[in-house]
Amino acid sequence: DASPEMILTLRSSIETRLRQDALESGHDYECAFSMLAREMVGEILGTFDEQLFSTLIDCELSVEKEVLYVKDGMIDILKWLKVIGKKLIAVSDMYLDQAYIAEIFREKGLDSYFDNIYVSSMNKYGKHSGRQFIHIILNETTMPDRIVHIGDNSISDFNAPHRLGMKAIHLKD
């Protein structure tokens, strides 16, 4: 039987290795939870087991769904932006896979407002380095000066996009 401490140590070890692998392959220090969970199952059982993998995913998502919330007034702002014809893109430096973020958005009633979701765990490019923003500019085929990025981190959400010519709003929460 594995103790919770052993599981947390294993998780930390695998996550560090996956993030280091990303760096060594020329990406940012990012990894996806699906890969982490898959590796954990292999380490725990010595082989892959779909049921344990799904249980790990479900447990992680239930915790995230419990702690994540939509800020007061945000739905009204999103509705207004859609009414005036703005394309809305969610961008996150997050370990959860894009599909899991989309699931959380559906549960929180946000899915109909966003045209696309970019998550660092999927392409291993972070906002902090600017590489995620470059990826978005290229993928969305737009110019940096046509983008307004809003976020709460002074480096990832303000300095990095601003350096690339984007307008940036730093939410001090």
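A polar contact here is a pair of N or O atoms within 3.5 Å; within protein, one of them must be able to donate a hydrogen and the other to accept it, and residues adjacent in sequence count only if both atoms are side-chain atoms. With that in hand, look at D28: its side chain reaches the backbone nitrogen of G126 at 2.7 Å.

Before going on, some ground rules. This is a predicted model, where local features need pLDDT of at least 70 and side-chain atom pairs count only at pLDDT 80 or more, while totals for chains, interfaces and linings use all residues. Residues are numbered from 1 along each chain as its sequence is written, and side-chain values use heavy atoms, with hydrogens and water left out.

**The whole chain**

The chain has eight helices and four strands; helices (H or I, at least four residues) and strands (E, at least two) are DSSP runs, numbered from the N terminus. Walk along the sequence and you meet them as α-α-α-α-β-α-β-α-α-β-α-β. The C-alpha atoms fit a box of roughly 55 × 35 × 30 Å along the principal axes. Of the 173 residues, 35% are buried, meaning under 20% relative accessible area, with exposed being over 50% and partly exposed in between (1.4 Å probe, protein chains only). Take the contacts (heavy atoms within 4.5 Å) with a separation of 6 or more: 55% of them join residues 24 or more positions apart.

**Back to D28**

D28 sits in the loop between α1 (4-24) and α2 (33-45). Is D28 buried or exposed? D28 counts as buried, because its relative accessibility is 7%. Besides reaching G126, its side chain makes a polar contact with the side chain of R131, at 3.2 Å. Leaving out residues up to four places away in sequence, D28 touches several others, including A22, Y125 and H128.

**Two helices and what covers them**

Here are α5 and α8 side by side.

| Helix | Residues | Buried residues | Glycine after the helix, phi |
|---|---|---|---|
| α5 | 98-108 | Y100, I101, A102, I104, F105 | G109, about 75° |
| α8 | 154-163 | S156, D157, A160, P161 | G165, near 95° |

The buried residues of α8 fall within an arc of 110° seen down the helix axis, so they line one face of the helix; that arc is taken over the directions from the helix axis to the C-beta atoms. Their cover includes α7 (131-139), β3 (148-151) and β4. At the N-terminal end, N153 caps α8, with a side-chain oxygen 2.9 Å from the backbone nitrogen of I155.

For α5, the buried residues pack against α2, α3 (50-67), β1 (89-92) and β2 (116-119). One of them is I104, which counts as buried because its relative accessibility is 5%. Which residues does I104 touch, not counting residues up to four places away in sequence? They are L61, E64, K65, L68 and L96. The C-alpha atoms of I104 and E66 are 9.9 Å apart, although 38 residues separate the two along the chain.

**A nonpolar patch on the surface**

Over on the outside, V148, I150, I169 and L171 form a nonpolar surface patch with about 330 Å² of accessible area together. Areas come from the Shrake-Rupley method with a 1.4 Å probe, and for residues only the protein chains shown count as cover. Patch residues have over 30% relative accessible area and no salt bridge; like charges are joined within 9 Å, nonpolar side chains (Val, Leu, Ile, Met, Phe, Trp, Tyr) within 5 Å. A salt bridge is a side-chain nitrogen of Lys or Arg within 4 Å of a carboxyl oxygen of Asp or Glu. L171 lies in the segment after β4 (167-170), and L171 is partly exposed, with a relative accessible area of 39%.
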